[in-house]
Every structure is written in structure tokens, then in C-alpha cells.
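Please open the structure in your viewer and keep the selection tool at hand. The tour below moves from one selection to the next and says what is to be found at each stop.

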Amino acid sequence: MYGHRYDQMQYRRSGKSGLKLPVLSLGLWHNFGDTGNYENMKQMCFTAFSNGITHFDLANNYGPEPGSAEKNFGRIYKEILKPYRDELLISTKAGYLMWEGPYGDWGSRKYLIASLDQSLQRMGLDYVDIFYHHRPDPETPLEETMGALDSVVKSGKALYVGLSNYNGPQMEKAAALLDDLKCPFVINQNRYSIFDRTIEQNGLKDSAAAAGKGVITFSPLAQGLLTNRYLHGVPEDSRIRTDGRFLKEQNLTEEKLARIKALNEIAMARGESLAQMALKWILKDDVITSVLIGASKPSQILENLKVLDSQPFTGEELAKIDEYSL
Ligand SMILES: NC(=O)c1ccc[n+]([C@@H]2O[C@H](COP(=O)([O-])OP(=O)(O)OC[C@H]3O[C@@H](n4cnc5c(N)ncnc54)[C@H](OP(=O)(O)O)[C@@H]3O)[C@@H](O)[C@H]2O)c1
């Protein structure tokens with residue numbers, strides 16, 4: 001059914017672990033909630049897996065409504081992916097607001113364990129491959145949060161654990177605790193793109209490399225800004241128009257549009273699309289395990305797969321990109 005799915009894709013080891021990820025992974029943050037079109041979602045998952053994208057990334061709260069992306073993925077899984085469970089890497093997370101009251105947010109043991117149980121039920125899975133703590137919790141003791149991650153692995157509900165949105169020093173403290181527990185912490189999930197280079201400044205990138213942990217980067221296309229999407233106005237079917245919760249029209253300033261156009265020129269001179277170049281720019285670095293893209297249609301996934309043919313950058317190109325990055 002999925003043809004020659006392993007012919008083109010490249011896989012990278014997550015840090016020094018045994019786990020390999022496709023260089024391109026698919027995230028279900030947008031367009032997989034109950035406001036999306038189910039057949040389109042299913043087609044996107046089919047397109048991804050047919051091309052060796054073995055990794056699907058979710059979180060308890062992805063929607064809208066929160067939980068609906070996991071529910072829809074569960075349906076897709078049941079209909080077309082289930083026979084391939086051992087070829088798939090499915091992740092979910094907890095750490096943001098999921099339900100009312102004191103036990104549905106942040107990083108307590110009570111929240112994380114209950115949330116993963118709910119996620120497994122929504123997706124119809126016995127276990128996830130990676131369970132993440134979605135963001136650091138300034139109030140719960142780190143020992144408790146890391147202990148909860150360890151418990152879900154020891155109870156067989158997750159194979160590996162990851163941390164999301166931790167900076168370098170936070171990750172190092174958490175990694176020391178997880179190492180003591182012999183818990184398989186293998187990956188960090190952080191935002192990284194030409195337009196957001198925070199992990200170069202907050203220590204995460206260097207600490208992950210030093211600790212032998214992987215990095216999977218989210219919003220590599222700055223939610224669509226680093227593509228040809230907005231070169232000539234704001235299309236009606238774009239994230240800005242159809243969603244607007246996280247990417248708003250005011251994010252697309254004149255100044256930013258000028259940067260996007262300049263970056264597009266650099267991409268065109270390389271003979272590729274801006275999306276392709278933006279993804280390649282992240283993958284040029286060995287510490288990056290995978291780029292986690294989103295999509296609103298299967299054709300975008302196919303377009304983004306072209307990063308596999310992208311040529312290395314010259315020093316001159318990198319210097320030019322630096323001029324227009326943020
Ligand atoms: N851990 C965290 O805290 C966290 C936070 C955010 C995201 N994430 C993860 O990262 C994943 C990706 O995030 P993201 O969706 O922001 O990533 P992204 O790849 O930066 O943006 C995806 C959007 O860009 C547009 N796009 C993609 N490919 C395109 C192409 N070839 N040409 C034109 N437009 C294209 C589409 O927007 P249109 O809708 O306009 O077509 C698509 O929905 C999420 O699904 C989630 O799994 C994690």
C-alpha cells in the first residue's frame with residue numbers, strides 16, 4: 001500500500017541513542033483538529049508515510065478542540081496505519097492546559113500520568129514511542145516531573161522520553177535526573193528556524209550536542225512565513241486566515257515581508273523553493289535530528305520532501321541568509 005517508502009528518506013540517530021528519526025517529521029498541531037477536513041488529514045498521513053516519514057508528532061492539547069487531533073489520528077491509525085505500528089514513531093506530550101482544575105496543566109506526576117492515559121485512549125494505542133514534557137514547570141520539583149516520565153517508561157506506556165521548550169541549563173538538570181533513573185531521554189523538541197534562533201543563544205543546541213541528545217525542531221518554516229505562501233498577499237486558505245490563533249496578520253510586517261522576499265531570492269538563485277532552503281538550513285547541522293513540519297495539504301509535504309535533493313550551502317549563501325534572519 002505504501003510502495004517504496006524507504007527509497008529516498010534519510011534517517012538520523014537521535015543523539016547517541018539507538019533511535020533513528022526521518023530528517024522530515026510530520027506534526028499534527030494544526031489542520032488535524034475537528035475544524036479540519038478528515039479526508040485531507042488522512043491523505044496527509046498517507047503521503048507522509050508513503051515517503052518514509054515514519055514520525056508523527058502530537059500533543060494532548062492539539063485541536064481545536066483539545067484532544068481532537070489525537071482522536072482524528074487514532075481514526076487514521078485504525079483505518080490505514082495500524083498494520084505498520086512497528087514502522088511508526090508516534091509521540092505525544094503533556095505540559096499545557098488540558099482540563100479544568102489543578103491537575104490538568106504543567107508538570108505534576110498526577111497530570112502527566114493521567115494525561116498520557118487519556119492520549120493512549122484517544123489514539124487507540126498501547127504505548128507511544130516518545131512522551132514529552134511539553135514545557136518546563138517553574139513550580140513543580142523537577143525530580144517529580146522527571147520521575148513521572150520515568151514511570152511511564154517503566155510501566156510500558158512510552159518507549160522513550162523527551163523534553164520540549166527547555167533551555168540548555170534546564171535540559172542539563174533534567175538530563176542528570178533522568179540519567180540517574182536510567183530513563184531513556186533521547187530528544188529535545190524546540191522551535192528553530194531562520195526566523196527564530198533562540199536555541200543557539202539559550203544553550204540548548206550546545207548542551208544537546210554535548211550530552212548526546214537529539215534535537216527535533218518545530219515551526220521550521222515559521223508557520224508558513226518561510227515559504228512562498230505570503231509573497232503576494234495573504235491567501236484565504238493560509239494559516240493566518242483559516243486559524244489565526246498563533247500566526248496572526250500582524251506578524252507579517254512590511255519589514256518581515258522584505259526579509260522573506262530577500263530569502264526567497266537566495267533560494268531561487270540556488271534553484272529551489274524558500275521552504276526547501278529553510279528546511280535545508282536547519283538540517284545543515286548534525287546536531288539536528290529531524291525537522292518537524294506542519295502542512296495543510298499533501299502537496300506541501302511533497303514539496304518539502306525536496307529538501308532531500310537540496311545541495312550544501314556555500315559560505316557566501318550562509319552569510320547572506322544571516323543578514324536576513326532574525
Ligand atoms: N513542542 C512545542 O511546543 C510545539 C510548538 C509548535 C509546534 N510543534 C510541533 O511542530 C509541528 C510543526 O509546526 P508548524 O506547523 O508551526 O510548522 P511549519 O512547518 O513551520 O509551518 C507549517 C505551515 O506552513 C505552511 N507550509 C508548509 N509547507 C509549505 C510549503 N511547501 N509551501 C507553502 N506553505 C507551506 C502551511 O501553512 P498553511 O496552513 O498556510 O498552508 C503549514 O500549515 C507541529 O505540528 C507540532 O507537531 C511543537
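**Around the ligand**

Begin by selecting Trp 29, where a backbone N or O atom lies 2.9 Å from an oxygen atom of the ligand; a polar contact here is a pair of N or O atoms within 3.5 Å, and within protein one must be able to donate a hydrogen and the other to accept it, with residues adjacent in sequence counting only if both atoms are side-chain atoms. This is a predicted model, in which local features need pLDDT of at least 70 and side-chain atom pairs count only at pLDDT 80 or more, while totals for chains, interfaces and linings use all residues. Residues are numbered from 1 along each chain as its sequence is written, and side-chain values use heavy atoms, with hydrogens and water left out.

Add Gln 223, which has a backbone N or O atom 2.9 Å from an oxygen atom of the ligand, and then Arg 229, where an N or O atom in the side chain is 2.9 Å from a ligand oxygen. Taken alone the ligand exposes 920 Å², of which the protein buries 96% (accessible areas by the Shrake-Rupley method with a 1.4 Å probe; for residues, only the protein chains shown count as cover).

Now select the 33 residues around the ligand, of which Asp 57, Ser 164, Ser 219, Arg 239 and Ser 296 come nearest (a residue is near if one of its heavy atoms lies within 4 Å). Which helix gives the most to this shell? Helix α11 does, with three residues, and both β10 (288-293) and α11 (298-305) supply at least two; helices (H or I, at least four residues) and strands (E, at least two) are DSSP runs, numbered from the N terminus.

**Aromatic pairs**

Turn next to the rings, where a search of the whole structure finds nine aromatic pairs (rings of Phe, Tyr and Trp, the last by its six-membered ring, with centres within 6.5 Å; planes under 30 degrees apart are stacked, over 60 edge-to-face, the rest tilted). Select Phe 49 and Tyr 84, whose centres are 5.4 Å apart and whose planes meet at 65 degrees, so the pair is edge-to-face. Phe 49 is in helix α1 (residues 38-50) and Tyr 84 in the loop between α2 (68-81) and β5 (89-94), 35 residues apart. Adding Tyr 2 and Phe 46 shows the cluster that ring pairs form with Phe 49 and Tyr 84.

Finish at Tyr 192 and Trp 281, with centres 5.4 Å apart and planes at 45 degrees, so this pair is tilted.
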